[in-house]
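Trainee: I'd like to learn how to read a model like this one feature by feature. Can we start with a helix and work inwards?

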Amino acid sequence: MTQKLIIANWKMYPTLSDSLVLASQLKGQLEGVKGVHIVLAPPTAWLASIVESWTHKPSNLDFAIQNIWPEDQGAYTGEVSAYMVKSIVKYALVGHSERRRFQSEDDELVREKVQACLRWKIRPIVCIGEHKRAIDAEGRVDSYQLQRVMNQLTEALHGVKGDDIRKVIIAYEPVWAITQGATSHPAKPAYAEAMIRRIRDRLAEKYGKLTAEEIQILYGGSVNTSNASEYLRQQGVNGLLVGEISVKAKDFVEICRISVSH
Ligand code: PGA
């Protein structure tokens, strides 16, 4: 059984002192949690401090950056490149729906970011997802919404060659399911499974069935301690991308523990 991959996207929630407290709580509580791979994505400004604070990092824990710029170095005020963080992170979130929405990131930029990650041996976590439910309760498919997801997938992976495809991780996050302030509308586990199956089928068309089976696909969107297990039980769900709940040490650790048994 392959280990599940659980990613904590701290977004723009914790201040520096919050982040240091959270890191030290996680350090204590995650000790001994084996059989799951855990990746923490703190706000970029605190990333190096958090990495440095983590002495004796266990082998099943790594760090991610929440965003990168595709060029390596130069006059790009406010940006940080894959080249610059390659020694402190193994993963990078790419194309998160909040960046597509608030920073107008398009498929072309997402594709360039994927390429930059692969160039510097960082595994890109490519986020894709539709704005409205693509399959309704009766099983009817909204082909426009479905096509959006598939387009994001193919555009992001365009030009990824050979073995590199196995380094890419897909995070399927229906935009309508992501926590927004006080509201959260988690997707039904069966819905997540159906969408992930379609995503994997598309990958199989392009890269072959065997390769598609090896590509890790995660679910994200209002994951919490009560629903994590349900998602992980679904066929083809290789892990979770956790946002808001991931800054609550106790809850996040519980999700990691739950994942061990799946
Ligand atoms: P959420 O966010 O768990 O707060 O819904 C997930 C994400 O956007 O990565």
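Mentor: Sure, and keep in mind that this is a predicted model. Start with a quick check on helix H10, residues 249-260: at 1.5 Å a residue its twelve residues should span 16 Å, and the end C-alpha atoms are 17 Å apart, which agrees.

Trainee: Which residues in H10 are buried?

Mentor: The general idea comes first: an α-helix has 3.6 residues a turn, so residues three or four places apart point the same way. In H10 the buried ones are Ala249, Phe252, Val253, Ile255, Cys256, Ile258 and Ser259.

Trainee: What do the buried residues of H10 pack against?

Mentor: Two other helices and three strands take part: helix H1 (16-30) and helix H9 (228-233), plus strands S1 (4-9), S2 (36-41) and S8 (239-242).

Trainee: How do I spot places where H10 meets residues from far along the chain?

Mentor: Look for pairs separated in sequence but not in space. Take Gln25, in helix H1: its C-alpha atom is 8.4 Å from that of Lys250, although their positions lie 225 residues apart along the chain. Gln25 is partly exposed, with a relative accessible area of 35%. Val33 gives a second case, from the loop between H1 and S2. Val33 and Val260 are 227 residues apart in sequence, yet 8.0 Å apart C-alpha to C-alpha.

Trainee: Is Val33 buried or exposed?

Mentor: Buried, because its relative accessibility is 3%, and the cut-off for buried is under 20%. Beyond its neighbours within four places in sequence, Val33 has contacts with Asn60, Cys256, Arg257 and Val260.

Trainee: Now strands. How should I read which way their side chains point?

Mentor: In a regular strand the side chains alternate between the two faces of the sheet. In strand S4 (residues 91-94), Tyr91 and Leu93 point one way, Ala92 and Val94 the other, and all are buried. Strand S6 (169-172) can be read likewise: Ile169 and Ala171 are on one side, Ile170 and Tyr172 on the other, and all are buried.

Trainee: How many bridges join S4 to S5?

Mentor: Four, and the two strands run parallel; Leu93 has Ile125 of S5 as its bridge partner. Going on from S5 (residues 123-128), another four bridges lead to S6, again parallel, with Ile125 opposite Ile169. On S4's link to S3 (residues 61-65), there are two bridges, also parallel, and Ala64 is partnered with Tyr91.

Trainee: Which residues have the most contacts inside the largest nonpolar core?

Mentor: Leu26, Leu40, Ile170, Ile199, Tyr219 and Leu240, in a core of 74 residues. Its largest share, eight residues, comes from helix H7 (residues 189-207). Apart from it lies another core, of 13 residues, including Val39, Tyr91, Cys127 and Leu241. For a feel of the larger core, click on Leu240: setting aside neighbours within four places in sequence, its contacts include Leu5, Ile6, Ile7, Tyr219, Tyr231 and Ile255.

Trainee: What about aromatic rings?

Mentor: For rings, check the distance between centres and the angle between planes. The structure holds six aromatic pairs. In one of them, Trp176 and Tyr191 are edge-to-face, at 5.4 Å centre to centre with 80° between the planes. Trp176 is in the loop between S6 and H7, while Tyr191 is in H7, 15 residues away. Both are buried. Ring pairs also link Tyr172, Tyr219 and Tyr231 into a cluster.

Trainee: Which charged end sits over the ring of Trp176?

Mentor: That of Arg133, 3.9 Å from the ring's centre. Lys27 does likewise with Trp54, at 5.4 Å from the ring's centre.

Trainee: Last one: which residues have a positive phi without being a glycine?

Mentor: Two to look up are His56, with a phi of about 55°, and Lys121, with about 60°. His56 is in the loop between helix H2 (47-53) and S3, and Lys121 is in the loop between helix H5 (107-119) and S5. His56 counts as exposed at 78% relative accessibility, and Lys121 counts as exposed at 72%.

Technical notes. Residues numbered from 1 in each chain as written. Predicted model: local features only at pLDDT ≥ 70, side-chain atom pairs only at ≥ 80, totals over all residues. Heavy atoms only, no water. Expected span 1.5 Å × (residues − 1). Buried < 20%, exposed > 50% of the residue type's maximum accessible area, 1.4 Å probe, protein only. Contact = heavy atoms within 4.5 Å. Core = buried A, V, L, I, M, F, W, Y, C linked by side-chain atoms within 4.5 Å. Phe/Tyr/Trp six-rings, centres within 6.5 Å; stacked < 30°, edge-to-face > 60°. Lys NZ or Arg CZ within 6 Å of the ring centre and 35° of its normal. Pairing = 2+ DSSP bridges.
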